[in-house]
Number of protein chains: 2
Amino acid sequence: MDQVVAENGVQHVELLSSVNDDHGGVIVEMKEPMDSEAFHSLLRVSISQWKQQGKKGVWIKLPIALVNLVEPTVKEGFLYHHAEPHYLMLVYWIPETVNTIPANATHRVRVGAIVMNDKRELLVVQEKIGRYQGTGVWKIPTGVADESEDIFAAAVREVKEETGIDTEFVEILAFRQLHKVFFDKTDLCFLCMMHPLSFDIQTQELEIEAAQWMPLEEYAAQPFCQSHGLAKYISEICLAKLERDYVGFLPLPITSYFNDQVSYLYLNSHDLNN
Amino acid sequence: MDQVVAENGVQHVELLSSVNDDHGGVIVEMKEPMDSEAFHSLLRVSISQWKQQGKKGVWIKLPIALVNLVEPTVKEGFLYHHAEPHYLMLVYWIPETVNTIPANATHRVRVGAIVMNDKRELLVVQEKIGRYQGTGVWKIPTGVADESEDIFAAAVREVKEETGIDTEFVEILAFRQLHKVFFDKTDLCFLCMMHPLSFDIQTQELEIEAAQWMPLEEYAAQPFCQSHGLAKYISEICLAKLERDYVGFLPLPITSYFNDQVSYLYLNSHDLNN
């Protein structure tokens with residue numbers, strides 16, 4: 001807890017410990033257990049202090065173990081911002097001015113890996129769980145990117161996990177945006193061209209029923225690839241890549257204007273440098 | 001509430017109302033206020049019933065007005081899954097088998113609109129709020145895509161909102177993945193080439209200080225475009241587009257294998273059809 005001491009040295013006000021953020025607001029990260037009524041009083045006093053200080057957004061992060069503090073926080077006017085399995089983030093916008101609280105995450109990122117060997121064979125799997133289970137469909141390895149994982153890294157990891165194959169990321173061939181796949185959230189699936197560095201398949205037991213190198217024509221002949229828009233285009237893009245120099249997007253490291261953080265810009269390097 | 005009536009007609013068990021999901025689980029959407037202890041008892045009975053039925057994931061959606069039900073839900077072993085301002089979604093995985101609860105959203109999608117007129121002028125703005133406020137930087141219009149909004153639609157909307165200019169989406173020129181921009185979440189910014197359909201600028205008062213059509217060379221000469229990776233590449237890609245037929249990704253409507261849902265696949269149509 002922080003203490004505010006008035007200039008005459010008499011007034012002592014206990015406040016919740018907070019740190020300032022870069023946008024004129026404060027962040028409270030609760031870590032130790034606290035009685036919910038004691039917390040409620042502290043929160044009320046703290047808010048009036050932050051108001052006087054002209055603070056804007058107030059963030060309160062509550063680990064799930066401190067679930068008893070959620071109700072008093074909401075009673076003071078906070079809204080939910082986002083949640084992860086083990087914490088809940090709440091936010092309260094103090095001023096009358098435009099609310100500039102950043103929007104919550106709306107998308108998850110998936111990768112679909114197109115791994116082709118020199119014999120025009122595509123690395124494909126049959127899945128044990130999920131909607132393809134029991135369908136007999138041979139599909140490319142896919143998976144969800146982890147938090148803060150780059151797309152190219154996720155593609156290498158997923159292929160290795162599902163099939164044991166080592167690969168090198170080449171480029172992004174296409175991507176699909178599909179809405180409302182889990183509650184109101186959107187799925188962005190990036191099709192990644194990968195160059196295989198090993199060839200002996202070892203399937204992951206939990207999720208993968210079988211894996212193999214399959215001639216591209218055989219993959220494309222599956223009913224699944226006739227009717228399914230995405231699978232159909234996967235085979236068409238593979239053919240375009242093999243026969244007509246289809247160009248995708250390559251990642252280029254760039255730095256931020258505001259700090260040294262490196263990020264990746266995916267673009268048509270071929271046309272940029274031509 | 002649901003009631004379970006045993007075959008002899010004697011046993012009446014009150015359960016929470018739920019609907020089955022497509023993955024062997026159930027979804028409870030609480031709407032009416034309930035005493036937290038009464039809810040806790042009902043939840044306990046319901047879970048044991050769902051266990052007997054072999055249910056997998058149990059989802060409980062609690063509107064913020066029912067914040068008193070969060071604590072009993074967590075006490076029964078639920079974890080947070082995600083939250084939006086006015087509700088919290090919790091989830092509990094019943095079986096011993098692999099947890100196939102979908103990952104939470106990790107990304108937000110932003111668009112950056114590259115609008116060029118026939119005089120090689122770029123539509124640029126100065127922002128009133130955010131980190132560019134007061135920097136004097138002229139930048140392209142940018143904004144966050146709404147929930148379930150397609151990238152191309154978000155680009156048209158943002159340009160209209162910020163500058164009053166009507167545009168037609170042409171293609172995606174590049175995109176950047178930047179981690180940890182808000183808490184542990186990632187920003188995916190799609191650079192969209194737009195064709196202007198109107199030319200008289202009307203700036204949005206709340207967020208935009210000024211807007212203008214600026215010669216591309218003048219935009220590129222800003223110190224901001226020398227040091228900032230993304231802004232530097234925006235001007236380079238514009239030049240490549242004007243002078244060397246830089247090709248981006250175009251959206252193509254496709255349908256799902258499992259239902260009729262339409263989504264968009266962004267790909268190099270030029271190379272696919274060549």
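Student: In which element of chain A is the place of Pro215(A)?

Tutor: Pro215(A) sits in strand E13, residues 208–215 of chain A. Keep in mind that this is a predicted model.

Student: How should I read its accessibility: what does Pro215(A) count as?

Tutor: Between 20% and 50% relative accessible area, a residue is called partly exposed. Pro215(A) has 32%, so it counts as partly exposed.

Student: Which residues does Pro215(A) touch, beyond those up to four places away in sequence?

Tutor: With those neighbours set aside, Pro215(A) touches Arg120(A) and Glu121(A). Now take a spacing along the chain. Gly229(A) is 14 residues from Pro215(A), and their C-alpha atoms are separated by 20 Å.

Student: Let us turn to Thr142(A). Where does it lie?

Tutor: Thr142(A) belongs to strand E10, which covers residues 142–144 of chain A.

Student: Is Thr142(A) buried or exposed?

Tutor: The cut-off for buried is under 20% relative accessible area. Thr142(A) is at 14%, so it counts as buried.

Student: With which residues is Thr142(A) in contact, leaving aside its neighbours within four places in sequence?

Tutor: The partners are Arg110(A), Val111(A), Gly112(A), Glu127(A), Glu158(A) and Glu162(A). For a longer span, take Tyr257(A). It is 115 residues from Thr142(A) in sequence, and the C-alpha atoms are 34 Å apart in space.

Student: Next, backbone angles. What sign does phi have in most residues other than glycine?

Tutor: Most such residues have a negative phi. Lys180(A) has a positive one, near 55°, and is not a glycine. This lysine, Lys180(A), is in strand E11, residues 167–182 of chain A. Its relative accessibility is 48%, so Lys180(A) counts as partly exposed.

Student: What is the phi of Arg120(B)?

Tutor: Arg120(B) has a positive phi of about 60°, although it is not a glycine. Arg120(B) lies in a loop of chain B, between strand E8 (107–115) and strand E9 (121–127). At 28% relative accessibility, Arg120(B) counts as partly exposed.

Student: Now the whole chain. How many helices and strands does chain A have?

Tutor: Chain A has seven helices and 15 strands.

Student: How do I read the radius of gyration of chain A?

Tutor: Set it against a compact globule with the same residue count. For 274 residues, such a globule would have a value near 19 Å; chain A has 26 Å. Then look at the extents. The C-alpha trace of chain A spans about 85 × 45 × 30 Å along its principal axes.

Student: What percentage of the residues of chain A count as buried?

Tutor: Of its 274 residues, 53% count as buried. Contacts add to the picture. Consider those in chain A with a separation of 6 or more: residues 24 or more positions apart account for 60% of them.

Student: What about the surface and charge of chain A?

Tutor: Chain A exposes about 12,300 Å², and carbon and sulfur atoms supply 49% of that area. It has 22 positive and 39 negative side chains. The centres of the two sets lie 6 Å apart.

Student: Which rotation superposes chain A on chain B?

Tutor: A rotation of 180°, with 0.0 Å of shift along its axis, does so at an RMSD of 0.0 Å. The two copies are therefore related as by a two-fold rotation axis. The same surface serves both copies, as 100% of the contact residues of chain A recur in chain B.

Terms used: Residues numbered from 1 in each chain as written. Chains lettered and ligands numbered in written order. Predicted model: local features only at pLDDT ≥ 70, side-chain atom pairs only at ≥ 80, totals over all residues. Heavy atoms only, no water. Helix = DSSP H or I, 4+ residues; strand = E, 2+ residues; numbered from the N terminus. Rg over C-alpha atoms; globule rule 2.2 N^0.38 Å. Buried < 20%, exposed > 50% of the residue type's maximum accessible area, 1.4 Å probe, protein only. Contact = heavy atoms within 4.5 Å. Areas by Shrake-Rupley, 256 points an atom, 1.4 Å probe, with all protein chains shown as cover. Lys, Arg positive; Asp, Glu negative; His and termini not counted. Charge placed at Lys NZ, Arg CZ, Asp CG, Glu CD. Least-squares fit on C-alpha atoms with pLDDT ≥ 70 in both.
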